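User: I'd like to learn how to read cavities, ring pairs and cysteines in a model. Could you take me through one?

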Amino acid sequence: MDWIALLLGLLGLLLLALFLYWQLVIAEGAYLGSRVVVLLYDWSAHVYERIKQYDVGDEQWFLGLPLGRALELIPAPLVLDVATGTGRLPRALLRQPAFDGRVIGLDLSRRMLRHALRLTAQFAGRLTYVWQDAARLPFGDDTFDAVTCLEALEFVPDPRAVLAELVRVLRPGGVLVVTNRVGREARFLPGRAFPRAQFEHVLRGLPLEEAKVRPWQVDYDLAWAIKAGEPRGGGVRPLLEIMRCPACGGRLARQAGAFRCTNCARTYPVAGDGVIEMAGSIQYTPPQR
Ligand SMILES: C[S@@+](CC[C@H](N)C(=O)[O-])C[C@H]1O[C@@H](n2cnc3c(N)ncnc32)[C@H](O)[C@@H]1O
């Protein structure tokens with residue numbers, strides 16, 4: 001009898017260990033909510049680059065160069081990198097001699113952004129970092145010449161909604177670059193990673209044209225697409241012109257060390273390191289009448 005209880009106990013522990021491994025290691029907290037995902041990235045931010053071991057040459061060849069080429073006819077393009085992490089995409093793109101634009105990197109892990117700042121210090125004048133959730137991009141419609149989101153869709157609660165957000169802020173004629181998780185572990189990420197044909201179908205449901213999904217890395221496909229519509233706008237513009245309040249969509253105004261929503265009066269501080277802190281969105285002050 002004791003043996004049976006012991007075996008059942010061990011089996012229970014094994015199942016618990018497998019469950020935790022799935023939830024915390026493979027899914028990186030994806031099914032436990034964005035807070036857990038961000039907590040895990042905050043904890044591991046200092047070892048992220050060591051784990052990933054991005055090769056500078058590969059990053060140039062497979063990321064910086066093709067994106068730079070896709071934008072070469074646009075004077076001073078404006079690029080948004082969502083879930084920028086430690087600034088992988090900004091580094092690859094800003095190293096391109098032909099790229100003369102600006103990049104905004106957005107992430108929900110404040111510590112990942114701290115490492116991004118350090119690793120992209122040489123490009124400081126051409127980069128802005130925003131601490132915010134990808135689910136509510138704090139920008140107006142049709143704003144960016146390119147929007148990228150690499151190795152992150154599988155960690156957000158609603159990847160389809162984030163995809164729609166990415167396309168919303170992309171201007172017609174702009175370039176979308178997104179990854180979709182594939183490979184062995186993708187089957188343990190139901191609803192977050194899509195089989196290739198299904199991902200193509202999801203992209204077809206958005207106002208995009210020329211969408212192409214191609215194998216990229218062992219664990220990721222890479223999709224390139226163009227936003228449908230008459231190409232217009234584009235180029236670097238002042239932050240006040242393009243940023244919107246993530247809570248109400250109102251326009252922002254500058255005040256000492258912060259941005260303030262002209263509609264709902266929420267304020268978003270600019271931290272000492274220059275990061276615009278929207279996610280920690282602070283006290284609510286009712287609009288003045
Ligand atoms: C695997 S990393 C990818 C980072 C970078 N794009 C790269 O390719 O190296 C995933 C990133 O997504 C960010 N992330 C996860 N959920 C997010 C959300 N809801 N909004 C914004 N960023 C998020 C994490 O903080 C992390 O930096």
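Analyst: Let's go feature by feature, keeping in mind that this is a predicted model.

User: How do I look for empty space inside, and how many cavities of 30 Å³ or more are there?

Analyst: The general idea is simple: a probe the size of a water molecule is rolled over the atoms, and that shows where empty space is left. Here the count is one cavity of 30 Å³ or more, and the largest cavity has a volume of about 410 Å³. Its lining has 27 residues, and Tyr41, Ala83, Asp107, Ala152 and Phe155 are the closest to its centre.

User: Which elements give two or more residues to that lining?

Analyst: Those are helices H2 (34-44) and H5 (88-94), plus strands S1 (78-82) and S2 (102-107). H2 gives the most, with four residues.

User: What does the lining of the largest cavity look like by class?

Analyst: You'd find 16 nonpolar, six polar and five charged residues.

User: On to the rings. How do I describe an aromatic pair?

Analyst: You use two values, the distance of the centres and the angle of the planes. A search of the whole structure turns up seven aromatic pairs. Take Phe19 and Trp22: their centres are 5.9 Å apart with 75° between the planes, so the pair is edge-to-face, as planes over 60 degrees apart count as that. Both sit in helix H1 (residues 2-26), three residues apart, about one turn of the helix.

User: How accessible are Phe19 and Trp22?

Analyst: Phe19 is partly exposed at 41% relative accessible area, and Trp22 is also partly exposed, at 27%.

User: Which residues form an aromatic cluster?

Analyst: Tyr41, Tyr48, Tyr54 and Phe155 form one cluster. You've already met Tyr41 and Phe155 among the residues closest to the centre of the largest cavity. There's a charge over a ring to look at as well: Arg254 lies over the face of Phe259, at 4.4 Å from the ring centre.

User: Last one, the cysteines. How many disulfides does the search find?

Analyst: In general, a disulfide is a covalent bond between the sulfur atoms of two cysteines. The search of the whole structure finds zero. For Cys261, the nearest cysteine sulfur belongs to Cys248 and is 3.5 Å away; the cut-off is 2.5 Å, so Cys261 is in no disulfide. Cys264 is in no disulfide either, with the sulfur of Cys245 the nearest at 3.7 Å.

User: Are Cys261 and Cys264 buried or exposed?

Analyst: Cys261 is buried, with a relative accessible area of 1%. Cys264 counts as buried too, at 6%.

Note on methods:
Residues are numbered from 1 along each chain as its sequence is written. This is a predicted model: local features need pLDDT of at least 70, side-chain atom pairs count only at pLDDT 80 or more; totals for chains, interfaces and linings use all residues. Side-chain values use heavy atoms; hydrogens and water are left out. On a 1 Å grid over the protein atoms alone, a cavity is a set of points where a 1.4 Å probe fits but cannot get out, and a pocket is an open set with protein on both sides within 12 Å along at least five of seven lines; lining residues have an atom within 4 Å of a point. Grid points are joined across faces, edges and corners, and a volume is the space filled by probe spheres set on the points. Ala, Val, Leu, Ile, Met, Phe, Trp, Tyr, Cys and Pro count as nonpolar, Asp, Glu, Lys and Arg as charged, and the others, Gly among them, as polar. Rings of Phe, Tyr and Trp (its six-membered ring) pair if their centres lie within 6.5 Å; planes under 30 degrees apart count as stacked, over 60 as edge-to-face and the rest as tilted. Buried means under 20% relative accessible area, exposed over 50%, partly exposed in between (1.4 Å probe, protein chains only). A charge sits over a ring if NZ of Lys or CZ of Arg is within 6 Å of the ring centre and within 35 degrees of the ring normal.
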